[in-house]
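Here is a short briefing for a first look at this structure. Keep the sequence and the 3D view side by side as you read.

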Amino acid sequence: MPDTLPDISTEADIRLMVDTFYGKVNHDALLAPIFNGFAQVNWESHLPIMYDFWSSILLGSARYHGRPFPKHLPLPIDATHFKRWLELFLTTVDELYAGPKAEEAKLRALNIANMFEYRLRQRGPLQVH
Ligand code: HEM
């Protein structure tokens, strides 16, 4: 069965990946309260930003011009949250796609998650910037 999965190659593939992933996030007891409680995310505007983000990374569309890290600075998240975020993301990709782009998606997510987690650990009461 996994042999028959397509790779990520179109904008529609990116949208399905992002929609499926945040569908899981919204049902997750650990992450849903962060997105919907603490951050009060407006999904109508957040999802298109995430389509642009992943399309820029995987399809080279260069539509995303933001700086994601600062948005995560105020969030009450630690290694536990990143572990869950990654589990859901990797599962999503593996359920839907297989191939070089799918591998790239998982690798980029892993690298960015590790980088965010590392940088968030530098947060402290004395942070001045
Ligand atoms: C526990 C892990 C994470 C949580 C709880 C989280 C949560 C959030 C929240 C609440 C926002 C702000 C949405 C808004 O502006 O309304 C956001 C934005 C964003 N996140 Fe995350 N995030 C996590 C990990 C990641 C990772 C690993 C990536 C990248 C692979 C990522 C990429 C982004 C991007 C690109 C944005 C949009 C920033 C912008 O508005 O330009 N996030 N995230």
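A residue counts as near a molecule if its C-beta atom, placed from the backbone, lies within 6 Å of it. On that basis, 22 residues surround the ligand. The model is a predicted one.

**Around the ligand**

- The closest residues are A39, G66, P68, H81 and I112.
- Five helices each give two or more residues to the shell: α2 (32–38), α3 (43–59), α4, α5 and α6 (100–121).
- The most comes from α6, which supplies four residues.
- By class, the shell holds 16 nonpolar residues, five polar ones and one charged one.

**The pair α5 and α6**

- Two packed helices are described by the angle between their axes and the distance between the axes.
- The axes of α5 and α6 come within 10 Å and cross at roughly 175°.
- Angles over 145 degrees count as roughly antiparallel, and α5 and α6 are therefore roughly antiparallel to each other.
- The α5 side of the contact consists of A79, F82, W85, L86, F89, L90 and V93.
- These meet A102, A105, K106, A109, L110, A113, F116 and E117 in α6.
- The contact of α5 with α6 has 13 nonpolar residues, no polar ones and two charged ones.

**Helix α3 and what follows**

- α3 has 17 residues, which at 1.5 Å a residue should span 24 Å.
- The end C-alpha atoms of α3 are 23 Å apart, which agrees with that expected span.
- G60 comes after α3 and has a positive phi, near 70°.

**Loop residues**

- Most residues other than glycine have a negative phi.
- Q40 has a positive phi, near 50°, and is not a glycine.
- Q40 sits in the loop between α2 and α3.
- A residue with 12 or fewer C-beta neighbours within 10 Å is exposed; Q40 has 7 inside that distance, so Q40 counts as exposed.
- A62 is also a residue other than glycine with a positive phi, near 55°.
- The place of A62 is the loop between α3 and α4.
- A62 counts as exposed because it has 10 C-beta neighbours inside 10 Å.
- P74 lies in the loop between α4 (68–72) and α5 (79–96).
- P74 is exposed, as 10 other C-beta atoms lie within 10 Å.
- P74 and A39 are 35 residues apart along the chain, and 9.0 Å separates their C-alpha atoms.
- A39 is also one of the closest residues to the ligand.

Definitions and conventions: Residues numbered from 1 in each chain as written. Predicted model: local features only at pLDDT ≥ 70, side-chain atom pairs only at ≥ 80, totals over all residues. Buried ≥ 20, exposed ≤ 12 C-beta atoms within 10 Å, placed from the backbone. Nonpolar A, V, L, I, M, F, W, Y, C, P; charged D, E, K, R; others polar. Axes fitted to C-alpha atoms, helices over the stretch in contact; angles between N-to-C directions. Parallel < 35°, antiparallel > 145°, perpendicular 65-115°, else oblique. Contact = placed C-beta atoms within 7 Å. Expected span 1.5 Å × (residues − 1).
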